[in-house]
Amino acid sequence: MALRTKGTLRYMTRFQSRFARLSRTAKAGALTACLWAVLTPLHAQETKLPNIGGNGGGLISGQQESEIGQQVMVSIRRSAPRITDPLVYDYLTAIIYRLVPSAPLQDRNLTLALIDSPDINAFAVPGGIVGVNGGLFLNAATEQQFSSVLAHELAHLSQRHFARRLEQQETSAPLTMAGMLAGIILSAVTQSDLGIAAIAGTQALAVQNMLAYSRAHEQEADRVGLDILATAGMDPRGMPEMFEIMMRQNRLQGNQMPEYLSTHPLTQSRVADTRNRAEQYPDRNVRDGQEYHLIRNRLQVHYAASADVAVETFEAYLDGNKAQRHDAIRYGLAVAYQANNQPDKAEAVLRDLLDQNPGRITFQVTLADVLIGQKQVQEARSILREALTRNPGNYPITYKLAEAEIADGNGAAAAEYLKQLTRQLPAQEHLWLRLAEAEGMARNIVGVHRARAEYDALMGDLESAQRQLRQAQEKLPAGSPQRQVVTERLAEITSRLNARRNS
């Protein structure tokens, strides 16, 4: 697992400094408020949910929200640094879908965006987009605290706060918000003024009303989020605990407010209200799952200043810790050893962990990764195949098997594993890019074109996707089943491209 590079750390520092400078001006202050008010979860009044869209009319339909979400996701894919680690993504998916059955969502098909940033932040965007910064893992000490933020975001989605805000503003062109959201993300992530030019003039007037409306929305999301947590069998007390962590950070950082608080106004009275509400739920003495702490420590290595620092940190944790999270600390140390080019030490720790926790997927996948790095591909393959037999279709295991085959020069075998994953997770663009690489290794040119077409479509480059599919079509015999599949997909992409050009 790669550490965050010094260049990326410098980028984060430059961006934070730049944004702070912009925020000192009145115009940029409005932009800052608009950025965090629109990009992150939107807020609702404490009234009966209005009928928005659908057969009952209303301002914005579920289909329009979906289109907005798709456009926003394209911008995130193009611009935002992402964490593509399958172990982290698999955990996030599992915990989200533990909460989803308890959330009053109209559409439970969500798209997750895992942002590579050490700051505390999470956001929900219409169309079922839920984004989480890696830094949320670092700052939430328990799984209950971490889950409380996710429950809060699901509450925003379930109450359709974005649509309700537009209705309150009586905006007649809701889809223009998608372009504005995209411009905001572009400005924030690429350090470019292109997005600023697109939104600074149009939104300044509405910002004050949007922010004034947000406090009631946040209270509503708190209440719904607490219910989601309790119904899902988690501890609602994690929410006020997480709020207190954020407020403590806010005091320590002075004027540098955590990202999350800039869009989620937090006061002592709100924290007290949430604490009082949480205490009304039965105390079930809910314990954290071990997996949360494994993933949290994995990301702590990722965000460490250096691999040396990560090793020193976890060695110190291990020396001073006699609590039940001992295995999670040892796992963090193994990941740190791997990052610090000490594979023998990492392997020894991981084998010992597996002896004590047979079948633990995170340990198996990480050990296999270490072995692949040492060119012990056959043993890695054996560990992973046995694990996959017990856990068919598991994302981290299947992906690591593909990595093992690529390391061994077996492009065709890797492509088969990656095809399985693209069927399971078609919105994960990096899987299509890796599949194109594997198909190229296997000299399957048609496969390369098809995988590249799907990648380009997810990135919003429909012209390139169309070209890739045409090239694939030309290389296939007329009347073949594969050509028919490519032709049908080409028609879909062409239809989307024509609709875009005519809009």
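Q: Two strands pair when DSSP finds at least two bridges between them. In this predicted model, how many bridges join strand β1 to β3?
A: Strand β1 covers residues 111-115. It runs parallel to β3. Ile 115 of β1 has Asn 133 as its bridge partner in β3. The bridges joining β1 to β3 number five.

Q: Do β2 and β3 run parallel or antiparallel?
A: Strand β2 spans residues 122-125 and is joined to β3 by four bridges. In this pairing Ala 122 stands opposite Val 132. The two strands run antiparallel.

Q: Which residue in the turn of the β2 and β3 hairpin has a positive phi?
A: Three residues lie between the two strands of the hairpin. One residue in the turn has a positive phi of about 95 degrees. That residue is Gly 127.

Q: How many residues of β3 are buried?
A: Strand β3 consists of residues 129-133. Ile 129, Gly 131 and Asn 133 point one way, Val 130 and Val 132 the other, and all are buried. The strand is mostly covered, with a buried count of five of five.

Q: How many helices does the protein have?
A: The strands number three. The helices number 24.

Q: What share of the residues counts as buried?
A: The chain has 503 residues. Its accessible surface comes to about 22,100 Å², with 49% of that belonging to carbon and sulfur atoms. The buried share of the residues is 55%.

Q: Of contacts between residues at least 6 apart in sequence, what share joins residues at least 24 apart?
A: A contact here needs heavy atoms within 4.5 Å. Among those at least 6 apart in sequence, the share joining residues at least 24 apart is 69%.

Q: Is Leu 476 buried or exposed?
A: Leu 476 sits in the loop between α23 (462-474) and α24 (481-502). Leaving aside residues up to four places away in sequence, it touches Val 446, Gln 482, Arg 483 and Val 486. The C-alpha atoms of Leu 476 and Val 486 are 9.1 Å apart. Relative accessibility is 9%, so Leu 476 counts as buried.

Q: Which residue forms a salt bridge with Asp 222?
A: The closest N and O atoms of the pair are 2.6 Å apart. The pair links distant parts of the chain, 48 residues apart, from helix α9 (residues 194-231) to helix α12 (residues 268-279). Both ends are buried, Asp 222 at 3% relative accessibility and its partner at 6%. The partner is Arg 270.

Q: Which residue of helix α19 (residues 395-407) is linked to Arg 434?
A: The closest N and O atoms of this salt bridge are 2.7 Å apart. The pair spans 31 residues, with Arg 434 in helix α21 (residues 429-441). Arg 434 is buried at 18% relative accessibility, and its partner is also buried with a relative accessible area of 18%. The α19 residue is Glu 403.

Q: How far apart are the closest N and O atoms of Arg 434 and Glu 437?
A: Both residues lie in helix α21, three residues apart, about one turn of the helix. Glu 437 counts as partly exposed, with 39% relative accessibility. The closest N and O atoms of this salt bridge are separated by 2.4 Å.

Q: How many salt bridges does the structure hold?
A: Some salt bridges are linked in a network: one such network holds Arg 381, Arg 385, Glu 405 and Asp 408. The count for the structure is 26.

Q: How many aromatic pairs are there?
A: Rings pair here if their centres lie within 6.5 Å. By this rule the number of aromatic pairs is 10.

Q: Is the aromatic pair of Phe 137 and Tyr 292 stacked or edge-to-face?
A: The centres are 6.0 Å apart, with 20 degrees between the planes. Planes under 30 degrees apart count as stacked, so the Phe 137 and Tyr 292 pair is stacked.

Q: How many residues apart in sequence are the parts that Phe 137 and Tyr 292 tie together?
A: Phe 137 belongs to helix α5 (residues 135-139) and Tyr 292 to helix α13 (residues 290-302). Phe 137 is buried at 0% relative accessibility, and Tyr 292 is buried with a relative accessible area of 0%. The separation in sequence is 155 residues.

Q: At what angle do the ring planes of Phe 314 and Tyr 317 stand?
A: The ring centres are 5.4 Å apart and the pair is edge-to-face. Both residues lie in helix α14 (residues 307-320), about one turn of the helix apart. Phe 314 is buried at 1% relative accessibility, whereas Tyr 317 is partly exposed at 37%. The planes stand at 85 degrees.

Q: Which residues do ring pairs link into a cluster with Phe 137 and Tyr 292?
A: Phe 137 and Tyr 292 belong to a cluster linked by ring pairs. The other members are Tyr 91 and Phe 146.

Note on methods
Residues numbered from 1 in each chain as written. Predicted model: local features only at pLDDT ≥ 70, side-chain atom pairs only at ≥ 80, totals over all residues. Heavy atoms only, no water. Buried < 20%, exposed > 50% of the residue type's maximum accessible area, 1.4 Å probe, protein only. Salt bridge = Lys/Arg side-chain N within 4 Å of Asp/Glu carboxyl O. Areas by Shrake-Rupley, 256 points an atom, 1.4 Å probe, with all protein chains shown as cover. Phe/Tyr/Trp six-rings, centres within 6.5 Å; stacked < 30°, edge-to-face > 60°.
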